[in-house]
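Open the model in your viewer and keep the sequence panel visible. The stops below say what to select and what is there.

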Amino acid sequence: MKEYEVYSSLKVPKNSKIIVRLDGRSFHQLARDLNLTKPYDENFYKVLSHVCEDLFKEFSPIFVYAFSDEISILLDNVPFNGRIEKIDSVMASFAASSFVINYNVKFKKPPAFDARVIPISDDDILEYFKWRQDESWRNCVNSHGIFYLKSKYSNIESNDKINGKKLSDIHELLFENGINLNDVDAYKKRGIGIYRKNKKVVGFNKKENREQVSYRSYVCTDWNLPKFNKDFFKRLGVLK
Ligand SMILES: Nc1nc2c(ncn2[C@@H]2O[C@H](COP(=O)(O)OP(=O)(O)O)[C@@H](O)[C@H]2O)c(=O)[nH]1
Ligand SMILES: [Mg+2]
């Protein structure tokens, strides 16, 4: 019967880094069920960061990037011998379980994530994360915009007003009404990142009777990401 498992041999190309992107299923509804704060729910983001940290501990990626209900995981050491079915199903279910454990509330419906595997060359990694970070910014502008409009107009009118508007117009509309998006928390604009960082440790070498500096790496959850650029990925060791 094994021969019926026709997708089980589908594999990531050898020697390729991959990005696995997870996205919450129907989180629009989940946000309603949990009565999440609009436009941004701090507790939801805390939980999302714990999910990313759990993924980091389990799969040792180079970088995890998240905003809204999506998580991108950049992996050098591809798990499960590169088998796509395994990677997608285990990572998505691991994230959903972590989400439930870390939320610690009663859900109306079991939360789920979908998953996709994206083989990526080193040259395209920066472009990929810039693309997702632009989406985070779009999401920030739009969600603040719709939140503001709904405080003044009906839902239908608000949706009509925001549809087709350029980001810069929404930014301007908010600014004219006392909301300056430049002042909102960095993570709402640029998302959160999890990666290894080096910490300087100063010890004392008794034998040689002198101070000794060494570096130890630790996993950092960055709520204050810069706009992605070459330097950021150089520091991660992804780019030369
Ligand atoms: N209220 C609230 N909702 C959020 C927050 N973060 C994500 N969401 C919801 O999650 C959805 C994610 O978008 P998308 O994946 O396109 O929608 P889905 O198909 O319903 O999962 C958003 O449309 C919001 O409804 C938050 O901080 N606050
Ligand atoms: Mg979703």
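**Stop 1: a helix across the sheet**

Select helix H2, residues 42–59, which lies across strand E2 (63–67), E3, strand E5 (192–205) and E6. The direction of H2 runs at about 20 degrees to E3. Keep in mind throughout that this is a predicted model.

Now add helix H4, residues 122–150. H4 also packs on the sheet, where it touches E1, E2, E3 and E4. Its direction makes about 20 degrees with that of E2.

**Stop 2: the sheet itself**

Hide the helices and colour the strands. In what order do the strands of the open sheet lie? The order is E4-E1-E3-E2-E5-E6, six strands with antiparallel pairing. Look at the two edges: strand E4 (113–120) and strand E6 (210–222) each pair on one side only. Turn the view to look at the twist; on average, neighbouring strands are turned by 20 degrees against each other, direction ignored.

Next select E1 together with strand E3, residues 70–75. These two strands pair in the antiparallel sense, over 6 bridges. For one bridge, pick Asp23 and find its partner in E3, which is Glu70.

**Stop 3: two helices that cross**

Bring back H4 and add helix H5, residues 155–162. The helix axes come within 9 Å and cross at roughly 140 degrees. How are H4 and H5 oriented to each other? An angle over 145 degrees would count as roughly antiparallel, and the crossing is roughly 140 degrees; H4 and H5 are therefore oblique to each other. Their crossing is right-handed.

Show the side chains at the contact. From H4, select Asn142, Gly145, Ile146, Leu149 and Lys150; they meet Asn155, Ser158, Lys161 and Ile162 in H5. By class, this contact of H4 with H5 has 3 nonpolar, 4 polar and 2 charged residues.

**Stop 4: the surroundings of the ligand**

Finally, select ligand 1 and the residues around it. How many residues surround ligand 1? There are 14, and the closest are Phe27, His28, Ala31, Leu36 and Asp41. Two elements give two or more residues to this shell: strand E1 (17–24) and helix H1 (27–33). Which element provides the largest share of the shell? That is H1, with 3 residues.

Colour the shell by residue class to finish. The residues around ligand 1 divide into 5 nonpolar, 5 polar and 4 charged.

Conventions. Residues are numbered from 1 along each chain as its sequence is written. Chains are lettered from A and ligands numbered from 1 in the order in which they are written. This is a predicted model: local features need pLDDT of at least 70, side-chain atom pairs count only at pLDDT 80 or more; totals for chains, interfaces and linings use all residues. A residue is near a molecule or strand if its C-beta atom, placed from the backbone, lies within 6 Å of it. Helices (H or I, at least four residues) and strands (E, at least two) are DSSP runs, numbered from the N terminus. Ala, Val, Leu, Ile, Met, Phe, Trp, Tyr, Cys and Pro count as nonpolar, Asp, Glu, Lys and Arg as charged, and the others, Gly among them, as polar. Axes are lines fitted to C-alpha atoms, for helices over the stretch in contact, and angles run from 0 to 180 degrees between N-to-C directions. Angles under 35 degrees count as roughly parallel, over 145 as roughly antiparallel, 65 to 115 as roughly perpendicular and the rest as oblique. A crossing is left-handed if the near helix is turned anticlockwise from the far one by less than a right angle, and right-handed if clockwise. Two residues are in contact if their C-beta atoms, placed from the backbone, lie within 7 Å. Two strands pair if DSSP finds at least two bridges between them.
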